Amino acid sequence: MKAVFIDRDGTINEDPVGYISSPKDFKLFPFTAEAIRIFNSLGFIVIIVSNQSGIARGFFTEAELGKVHEYMIEELAKENAHIDLVLYSPYHPKGCVEPFNIEHNSRKPGSGMFYEALKKYPIKASQSYMIGDGLFDIEFGKKNGLVSFLVKTGAGLDVWVAEVERTSVLTARKSEISVTGADSINASLRKSEISATEADSINASLRKSEISVTGADSINASLLKSEISTTDSERTSAFPTGVCQPDFVVENILSAANVIKILEKQKEKQ
Ligand SMILES: [Mg+2]
């Protein structure tokens, strides 16, 4: 079986405060249902994996979290989007509520929720994906052999901008691409006037040159491919550790779904 593991806050829903204790504060992104429908139609088991330290911290109870998840599932079901399994980690070592105020492997980047999912479904990691807006999501994915997507929703934009700034500096230093090129790249990455589709194309080819995309090829060619750049060690150092290096950086979960659709088609052809 193949699965898509998906972070919750900032990936499928808005994350303005960090802790969502009630359905009234839970707002799905408008594109989430479509993304999940794509995963459903491609035959993936869809699994939410969410750190919910608000339980350890005493901000809400497991019962209250359960209500939020019921609401999430219902809202998605209204749009024919199906979630197979919702996993969460209630732990945090700095919490105040026993027995949750401990270090626990279920808290991402720990692998506990991955193993929990394996108990339920015979998932092949090599055919599966992880999508999230935090580096610990990426680390969770990479450690468990999942192709991992960083989305630029939620906290993901900050993570990505830091990466772009870092690599832009490296790029400028090496002066292998023209200033004009670098400007337009940065403009595209930072500004929303670029369409989702274009951004997808850029990101897709940035990370995996084998995906061919029309348009933006010249930008793509220079951006993340080796001629830009940064040696592998430099690129990796833009993230805290090598294991945090995402395979793809995309606008949002729907962009991830569209890239996964392409990857699945390519696998079919092989
Ligand atoms: Mg998140």
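**A buried strand and the helices around the sheet**

In strand 5, the side chains of Val147, Phe149 and Val151 point one way while Ser148 and Leu150 point the other way, and all of these residues are buried. The model described here is a predicted one. Because 5 of the 5 residues of strand 5 (residues 147-151) are buried, the strand is largely enclosed by the rest of the structure.

A wider view helps to place this strand. The protein has 10 helices and 6 strands, and buried residues make up 41% of its 270 residues. Among contacts between residues at least 6 apart in sequence, 67% join residues at least 24 apart.

The strands come together in an open sheet of 6 strands with the order 3-2-1-4-5-6 and parallel pairing. Its edges are formed by strand 3 (85-89) and strand 6 (248-250), each of which pairs on one side only. On average, and with direction ignored, neighbouring strands of this sheet are turned by 20° against each other. As general background, strands of a sheet pair through backbone hydrogen bonds, either parallel or antiparallel.

Strand 4 (residues 129-132) offers a good place to follow the pairing residue by residue. With strand 5, strand 4 pairs in the parallel sense over 4 bridges, and isoleucine 131 has phenylalanine 149 of strand 5 as its bridge partner. Strand 4 also runs parallel to strand 1 (residues 3-6), to which it is joined by 3 bridges. Here isoleucine 6 stands opposite isoleucine 131 in strand 4. Isoleucine 131 is thus linked to phenylalanine 149 in strand 5 and faces isoleucine 6 as well.

Helices cover these strands. Helix 10 packs on the sheet and touches strand 1, strand 4, strand 5 and strand 6, with its direction making about 135° with that of strand 6. Helix 4 (residues 135-143) lies across strand 1, strand 4 and strand 5, and runs at about 175° to strand 4.

Alanine 256 shows how helix 10 meets its surroundings. This alanine is found in helix 10 and counts as buried because it has 29 C-beta neighbours inside 10 Å. Leaving aside residues up to four places away in sequence, alanine 256 touches Ala35, Ile131, Phe149, Val151 and Val250. Two of these contacts, Phe149 and Val151, bring the account back to strand 5, where both point one way together with Val147. The contact with alanine 35 spans 221 residues in sequence, yet the C-alpha atoms of the pair are 7.9 Å apart in space.

Alanine 35 leads in turn to helix 1. Helix 1 (residues 32-41) and helix 10 (residues 253-269) pack with their axes 8 Å apart and at an angle of about 20°, which means that helix 1 is roughly parallel to helix 10. The crossing of helix 1 with helix 10 is left-handed. On the helix 1 side, the meeting residues are Thr32, Glu34, Ala35, Ile38 and Phe39, and on the helix 10 side they are Ile253, Leu254, Ala256, Ala257 and Lys261. Sorted by class, this contact has 7 nonpolar, 1 polar and 2 charged residues.

Helix 1 has other neighbours too. Its buried residues are Thr32, Ala33, Ala35, Ile36, Ile38 and Phe39, and these pack against strand 1, strand 2 (45-51), helix 2 (62-78) and helix 10. Helix 1 is followed by glycine 43, whose phi is positive, near 85°.

Technical notes: Residues numbered from 1 in each chain as written. Predicted model: local features only at pLDDT ≥ 70, side-chain atom pairs only at ≥ 80, totals over all residues. Axes fitted to C-alpha atoms, helices over the stretch in contact; angles between N-to-C directions. Helix = DSSP H or I, 4+ residues; strand = E, 2+ residues; numbered from the N terminus. Parallel < 35°, antiparallel > 145°, perpendicular 65-115°, else oblique. Left-handed = near helix turned anticlockwise from the far one by under 90°. Contact = placed C-beta atoms within 7 Å. Nonpolar A, V, L, I, M, F, W, Y, C, P; charged D, E, K, R; others polar. Buried ≥ 20, exposed ≤ 12 C-beta atoms within 10 Å, placed from the backbone. Pairing = 2+ DSSP bridges.
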